[in-house]
Amino acid sequence: MSTLQCNRLCFHLKLAILWMFFSGAVFCIHVFASTTEVETNSDAGKFIMKSYFENYESLHDSSFEDFMAHQLSSSLCQGIPDNWNVGVRLSVRELSLVGEGSHRHLSSSIRLQIGAASIPKLPAHVCEVIVIQRLPLGVYADPFELQNPHKHKAFRDIAVFGDTNLELPSFQSNRSAVEFHIDAGFNILFMQNNGTEFNLLLPLHARYQPLDESGYSVVEIGEPDMLMRCSVEGKQHKQSCLFMSPPNEKAKSTSATVAWKIPAGMKAHAGFVSVITFVTALLSTLSIVYASMFWSGTKVSKT
């Protein structure tokens, strides 16, 4: 076999190996990104959003509010008087976007207060604050980024639910939500607390927006939903109790919603961009073919 034939055979083998590697990588990314949820803890039964998506196919504000008001509140806690929820107040003190461009951070400052009307004679308990941040269309949180334990070691658990496909544009995707679990402490309901603040910093990314003549698409992000869950020592087993602040007692933040102005393509530029993209792709392909032919025709000298 001549040197030229050997060079061509090696070149084709390299191309085949690269193609197999690329195909496998794309397949793996698609499989992982298409999952409904990505969690950092195997104990998925504790996630509220998991229960929601077992009853609803996608995230809608009306469905979620109905779930919180009826299905979730019906299983809050048994064996405790009806006014048990008065002493716990959760509120958002501040909500803002940090950073520039298509990759930003949503900063939330959450305040927990335990009033004088906290539950008397409650057994020993351990509590956690649950924060659910619903995201609008056009914005997503990368579940693999949130799995980094060094960046999010302050959270007991964190998970992304809903549409976690990172490649889809805004008009082909569905909404998602991020659920945080933060350790609130031991026997916290025995204490009258004037205010404990938790600061959250959630990395967010913008999807490709639909065409808009203004050149921008405005996405609004609202306040998160907040609960406190306590694991109470019972006579036979632990009982889980959820605490929610009454709607009329929730303190309003300085900014109830934040707006994210995301660049979008203009319909008038679609033809020009398509032509430039096609020409660029064609020239790149021809350059690769020419380089391959030129490289395959060179002689390899032995050293």
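Asp61 touches Arg134 and Arg175, leaving out residues up to four places away in sequence. Asp61 belongs to helix H3, and in this predicted model its relative accessibility of 36% makes it partly exposed. Along the chain, Asp61 and Arg134 are 73 residues apart, yet their C-alpha atoms are separated by 8.7 Å. The points below cover the loop next to this helix, the aromatic rings, the disulfide, one buried strand residue, and the chain as a whole.

**The loop between H2 and H3**

- Leu59 is located in the loop between H2 and H3.
- Leu59 has a relative accessible area of 2%. Buried means under 20%, so Leu59 counts as buried.
- Beyond four places in sequence, the contacts of Leu59 include Arg134 and Arg175, and these two residues are also touched by Asp61.
- Leu59 also touches Ser176 and Ala177.
- Further contacts of Leu59 are Met49, Tyr52, Phe53 and Phe64.
- Met49 lies 10 residues from Leu59 in sequence, and the distance between their C-alpha atoms is 9.7 Å.

**Aromatic rings**

- A search of the whole structure gives five aromatic pairs.
- In one of them, the ring centres of Tyr52 and Tyr56 are 4.7 Å apart and the ring planes are at 20°. Planes under 30 degrees apart count as stacked, so this pair is stacked.
- Tyr52 also pairs with Phe64, with 5.7 Å from centre to centre and 65° between the planes, which is an edge-to-face arrangement.
- The pair of Tyr52 and Phe64 links distant parts of the chain: Tyr52 is in helix H2 (residues 48-55) and Phe64 is in helix H3 (residues 61-72), 12 residues apart.
- Tyr52 and Phe64 are both buried, and the relative accessible area of Tyr52 is 0%.
- One aromatic cluster is made up of Tyr52, Phe53, Tyr56, Phe64 and Phe67.
- Three members of this cluster, Tyr52, Phe53 and Phe64, are among the residues that Leu59 touches.
- Another ring has a charge over it: the charged end of Lys261 sits over the ring of Tyr216, 4.6 Å from the ring centre.

**The disulfide**

- How many disulfides does the structure hold? There is one, formed by Cys127 and Cys230 with their sulfur atoms 2.0 Å apart.
- This disulfide links distant parts of the chain, with Cys127 in strand E4 (residues 125-135) and Cys230 in strand E10, 103 residues apart.
- A disulfide is a covalent bond between the sulfur atoms of two cysteines.
- The torsion about the S-S bond of Cys127 and Cys230 is about 105°, so the disulfide is right-handed.
- Are Cys127 and Cys230 buried or exposed? Both cysteines are buried.

**Leu227 in strand E10**

- Leu227 lies in strand E10, which covers residues 225-232, and Cys230 of the disulfide is also in strand E10.
- With a relative accessible area of 0%, Leu227 is buried.
- Leaving aside neighbours within four places in sequence, Leu227 is in contact with Glu128, Val129, Ile130 and Ile132, among others. Strand E4, which holds Cys127, covers residues 125-135.
- Other contacts of Leu227 include Ile48, Met68, Leu72 and Leu90.
- Leu242, Phe243 and Met244 are also in contact with Leu227.
- Arg89 is 138 residues from Leu227 in sequence, and the two are 9.0 Å apart in space, C-alpha to C-alpha.

**The chain as a whole**

- The chain has five helices and 12 strands.
- Of its 303 residues, 39% count as buried.
- Among contacts between residues at least 6 apart in sequence, 79% join residues at least 24 apart.
- The accessible surface of the chain is about 18,200 Å², and carbon and sulfur atoms account for 59% of it.

**Confidence**

- The average pLDDT of the chain is 75, and 64% of the residues score at least 70.
- Where is confidence lowest and where is it highest? The lowest is in strand E1 (residues 37-39), with a mean of 40, and the highest is in strand E5 (residues 139-140), at 94.
- Over residues 26-45, pLDDT stays under 50, and the model has 32 contacts beyond four places in sequence for this stretch.
- Where pLDDT is low, the predicted coordinates should not be read in detail.

Note on methods:
Residues numbered from 1 in each chain as written. Predicted model: local features only at pLDDT ≥ 70, side-chain atom pairs only at ≥ 80, totals over all residues. Heavy atoms only, no water. Helix = DSSP H or I, 4+ residues; strand = E, 2+ residues; numbered from the N terminus. Buried < 20%, exposed > 50% of the residue type's maximum accessible area, 1.4 Å probe, protein only. Contact = heavy atoms within 4.5 Å. pLDDT = per-residue confidence, 0-100. Areas by Shrake-Rupley, 256 points an atom, 1.4 Å probe, with all protein chains shown as cover. Disulfide = S-S within 2.5 Å. Phe/Tyr/Trp six-rings, centres within 6.5 Å; stacked < 30°, edge-to-face > 60°. Lys NZ or Arg CZ within 6 Å of the ring centre and 35° of its normal.
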